[in-house]
Amino acid sequence: MSKAKTQQPAVIHKVIMVGSGGVGKSALTLQFMYEEFVEDYEPTKADSYRKKVVLDGEEVQIDILDTAGQEDYAAIRDNYFRSGEGFLCVFSITEQESFQATSEFREQILRVKNDDNIPFLLVGNKADLEEKRQVTAEEAQHRAQQWNVPYVETSAKTNANVDKVFYDLMREIRSRKMDASKQNNGKKIKKKDSKRKKCTIL
Amino acid sequence: MGPPPVVTGVSPRDGPPGTRIIIRGENLGNDPKDLIGLKICGVDTLMTAEWKSSKKIIARTGPGKGKGDIIVITRSGGVGSCTVGFRGFFVQIGPLQDSAVWIDETQTVLANLGRGRPSSPMISKEDEDPLGISNEGNRAKSEEEMLEHFPDASGNLTLENFSPAWYLLENHQQASFDDLKMGLSYMKRRSSQQSEGPITFAKANLSGILDCLDSLTEMCEKFAKDDIQRECINSYAVSLMQAKSCADGLFQEVLGRKDKADATRNALGVLQRFKFLFYLPLNIERNIQKEDYNLVINEYIRAKSLFEDSPIQVFQKVYKEVESQVMKFKEMLQEKLRQPNSLEEQKKLIKYLMSLDIDNDPGWGCLLSQEKWLTKLFMDCKDSNTQEIQEEVPIAPPRHKASGGSLGLSLQAESRRELQEEAPVPPPRHKTAVVSSGLSLSGELVKVTSKSSDQMAGQKFKMPQKVVFVEELTDIMGRHFPDFWKLGQAYFSGSLHKEGGDKSYKPDQNKHAQFKQMVCEILRLFSNLLRAAFLPNSLENLSEKERKMYGQWPENKRDVPGAWLPHCVRYVRSCASSLCRLDLPSDCQACVQELALDMRTNCMFTLLKQAIADVRSLHIKETWIVELDDEFGGRTQLPALFGNIVNETVQHLHEVVVQNKTGETEIFSQRPVQIEATKLCTELLQGFAPCLEQLAFSVDKPNTTSTQSADLTSGSSELVMESSEDHLPSKDKKLIIMLSNCNHTKEHLIPLLVENLNKHGYVEMNKVLRSAQETYEKLDKKLFDSYVEEKSNPIIGSMEPNMYRGRFDWANYKRVNGVRNYLKEVLMGMIEIHAEVFSISPLFVSRVMTKIVDAVAEEMSRLVQCVTKFGENGAIQARLELLALQDAVALYRSAATRKSFKEALDCLTVLTQDNKKTLEDQLNKFKMQFKFQLMCFHSDTGEISESKT
């Protein structure tokens, strides 16, 4: 374990699962983390997962925050969102409402992060339940294009595309971080400016 | 060892203590037993852990606070690590919420109380932000900084001076304008939700409300329908009535029996319930027999409170029985109270009586009966003792009294009385008295002692009756009076009543005075009884009748041997001081104190008188054994005996005289006592003088016994007088011995004794010393004079005849042929005196010799002057003899001697040269001849005996 600590990679990608209640955020997470599928439903409050993965030959850590879909917890979402670096916005293809809710989440994320290009994936889960589909692929694809984000259909039950969505998101995050570090110097100056401005407001 | 466990997932990741969490990871143990440790936020929660698989454990969090690790420990993998943590926080749980853990409410509740108003529901959850905007967590500004900007404001939502600007800066500094707008709408939504409360309730329970309405209409319809068929109901009623009466008839008997059974059961129940009362008479009797009075009283009081006013006849009957028993009990207690008893016992009894609500005053009654009892005890004690004395009078022979008087101990050999319960404490003097009687050489005493010794052997020395009386009386006093007094105190302080009843009982002042009088009377009786025994004179101003009451002690027995007196005084004083400790009123105590003082004084006088008598009778103890002492000269043991008597008396009186206990009067504080004491002291010290005088001048009737025993004790250091052959020293020897004794007494003993007396607190000792010295001075002179006379007379008387022996004629003396024999005889006589004096007391030699020489010289001078005519040779002879004598006694010459010689020499004619030579030759010849004899006049050392031989 001491080894693990010393070798702990510096890079941690922080992923946040968002979406309405019961769409399968936790199922996707647990499938990705432990390759297990949990049948029984238990509403999540806020779960935390982190593990080492190899991303394109590079060892990184993925930190997954599995959030609550229920409206009860909406108030505390802001807090989570702020710390997130990338978002998996999950809806169930068998539930139209969950698809509709995604735009609310998108809005809230953009509001909190204040960044239109935040790494973001639209995920249509429960793809194994094709017979109960309420949201067509086109519909979803259309919205994704509107937002300029990728759309992926997954199944936590069959493990279809589960790894893909996480890895894709991590790549996005990584590239964002690369850009950010390039602009580091300029940003710093900007930050100072902004601080000054605020002071003057006061 | 396998790979260590790693926790990679936690669900949920935060929560209050007691949150059920699912822990996921790798290598979390092979089986439930493999899992040996689980720590969440540093708190061991293994007890709650539920092992599901090597990837999953379910547990509940402990009271950890803040973000912390989740560490799994397994037997196979050791201590694990984690990539995720758990954040514990404390939720403020309101009083209406369920909580899985114990909540420490003191802080919040007290804070709320302090604030005086309930906390706003808006902020019931700390986490919740009124704007709905997530908290950034990191505060940009510290509280102090904020205070600088807003001096009078506060960031606290609940306070009056809440400042929104502060709040926003503090909590949402980073939030964008849009966020704030969102927050505002959120706040609006929340407040509108709150106002819509009742409507939402109705909406939520719509179906229930509708159901209620439906059933109400249905019921209404049913009633309307039933109302149409009313006749039907009447017929039902009739048949029902019939059925009822029939049933009644059937069950009447059974029901009657049941009623009876119920009644019986009821009665039994009552009996059982009030068993206490029915058994009470029996119980009271039994408890009284067992003397468990407390129980009796408690039960009675309980019964009284329960049944006193009970209207039920049975209870009243039983209660009356109880009452009558309690009355008897009360009487018994009162009877008991009248008997003498210990203080505690009596207090208890009084308390019992008080708690029984007795009408009269049991405490007072007890005090009265106690007083009577005490008085009776005193009188009984007196009576029994006086009776005893009277019985003894005819039996006790007077000779014992005499011996007791002189020896200081009373031998009541014939006493038939049983031995005292307490072994009599022999008074300190006792022993010495016996010893001195053993040493005593007085034939009479020896006889008495030997006579009674065989009778004494079988019996103890019995105390004089009066001493027994004192002891008994003081014992009664010491044992019972404090109880009486304390009871009185308790009675008046009310402590007897406090516990007995709730009523605050006020003892009236009349009784207080009465009690005080009682105390005084008891004390007076006590002191007068003792006075009657010891100091009858002090009661003389009382009437005859009263004196009779206090007891009359037979006159002839009045004198308690002095040795017992301090003993008695000790008892009386200890009694007095113990009374003193009781805090008695001072006027009550006074008579006892007075008694003690009188006893002390009396004791002192008696003992001193006795000592004087002892001293005066000392002469019978003279042994005539002279002990030589370089410092003081020779003396007999008489002065030492005298000193012993005085010192012993003083020692004996020490306790009586000097040691003043608290509250006692200084014994010498009264002038008459002082004078008397001084007088007695003087007498005591002077008493020895007549004794010495008597011895010195006694024309002895020899007490043979003494000298015989004296012979036996003669040793090397003691010079036994030659008179031991005829048993007694000659008169002149006695004189010189007594002279020596007297001198020793005067010079050494008296100052010592006076100092001792002084040390023991006797007053005016200087006067005593002076008068004593004077006495001894006188005695000294008298003795000395008579001695010198005794001694010089024979010498002087024989001078003249011897001088003219052989028809000596001064005028016709033929030839000067040395000093004549008569002078030599004179010298020899003087030497003899010298030797005698020296052997007794070398100190007196010079004094005696001077006197003698003086007398001799005077006689010589007279003789020479009487000669009418001297021949030539006669003049030479006379001169020769005068000079020889002068030379010989040069050492003891006084002015008078010198004058005598001078006068004698002046009578003689002046010598021629030849005659002078002859005179010188003759003088030298005489000196040579008498060399040894003369030596004794030149040196004061003890070579005389040699020279004499």
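1. Relative accessible area sorts residues into three classes: buried means under 20%, exposed over 50%, and partly exposed in between, with a 1.4 Å probe and protein chains only. B:C220 counts as exposed because its relative accessibility is 54%. A:C89 counts as buried because its value is 0%.

2. The model is predicted: local features need pLDDT of at least 70 and side-chain atom pairs count only at pLDDT 80 or more, while totals for chains, interfaces and linings use all residues. Residues are numbered from 1 along each chain as its sequence is written, chains are lettered from A and ligands numbered from 1 in the order in which they are written, and side-chain values use heavy atoms, with hydrogens and water left out.

3. On disulfides (a pair of cysteine sulfur atoms within 2.5 Å), a search of the whole structure finds 0 over all chains.

4. Chain A has 7 helices and 6 strands; these are DSSP runs numbered from the N terminus, with H or I and at least four residues for helices, and E and at least two for strands. Along the sequence, the elements of chain A follow the pattern α-β-α-β-β-α-β-α-β-α-β-α-α. Of the 202 residues in chain A, 45% are buried.

5. Aromatic pairs number 7 over all chains. The rule takes rings of Phe, Tyr and Trp (its six-membered ring) with centres within 6.5 Å; planes under 30 degrees apart count as stacked, over 60 as edge-to-face and the rest as tilted. The pair of A:F32 and A:F166 is stacked, because the ring centres are 4.2 Å apart and the planes stand at 20°. This pair links distant parts of the chain, 134 residues apart: A:F32 lies in helix 2 (residues 25-34) of chain A and A:F166 in helix 6 (residues 162-182) of chain A. Both A:F32 and A:F166 are buried.

6. A second pair, A:F81 with A:F87, is edge-to-face, because the planes stand at 90° with the ring centres 5.7 Å apart. A:F81 is buried, with a relative accessible area of 0%, and A:F87 also counts as buried at 0%. Ring pairs also link A:F32, A:F166 and A:Y167 into a cluster.

7. Two charges over rings are worth listing. The criterion is NZ of Lys or CZ of Arg within 6 Å of the ring centre and within 35 degrees of the ring normal. A:K51 lies over the face of A:F32, 5.2 Å from the ring centre. A:R106 lies over the face of A:F120, 4.7 Å from the ring centre.

8. Salt bridges (a side-chain nitrogen of Lys or Arg within 4 Å of a carboxyl oxygen of Asp or Glu) come to 23 over all chains. In chain A, the side chains of A:E130 and A:R133 meet in one, at 2.7 Å from N to O. A:E130 counts as partly exposed because its relative accessibility is 45%, and A:R133 is partly exposed at 22%.

9. Helix 7 (residues 230-273) of chain B holds B:E253 and B:R257, 4 residues apart, about one turn of the helix. Their side chains form a salt bridge at 3.6 Å, N to O, and B:E253 and B:R257 are both exposed. B:K258 forms a salt bridge with B:D262, with the closest N and O atoms 3.1 Å apart. B:K258 counts as partly exposed at 47% relative accessibility, and B:D262 is partly exposed at 29%. B:K258 and B:D262 are separated by about one helical turn because they are 4 residues apart in helix 7 of chain B. Elsewhere, salt bridges that share partners join A:D56, A:E58, A:K164, A:D168, A:R171 and A:R174 into one network.

10. A nonpolar surface patch is formed by B:L206, B:I209, B:L210, B:L213 and B:L216, with about 480 Å² of accessible area together. Patches are made of residues with over 30% relative accessible area and no salt bridge, like charges being joined within 9 Å and nonpolar side chains (Val, Leu, Ile, Met, Phe, Trp, Tyr) within 5 Å. Accessible areas come from the Shrake-Rupley method with a 1.4 Å probe, and for residues only the protein chains shown count as cover. B:L216 lies in helix 6 (residues 206-228) of chain B and counts as exposed at 55% relative accessibility.

11. B:P566 is found in helix 20 (residues 565-580) of chain B. B:P566 is buried, with a relative accessible area of 1%. B:P566 and B:H654 are 88 residues apart in sequence and 9.5 Å apart in space, C-alpha to C-alpha.
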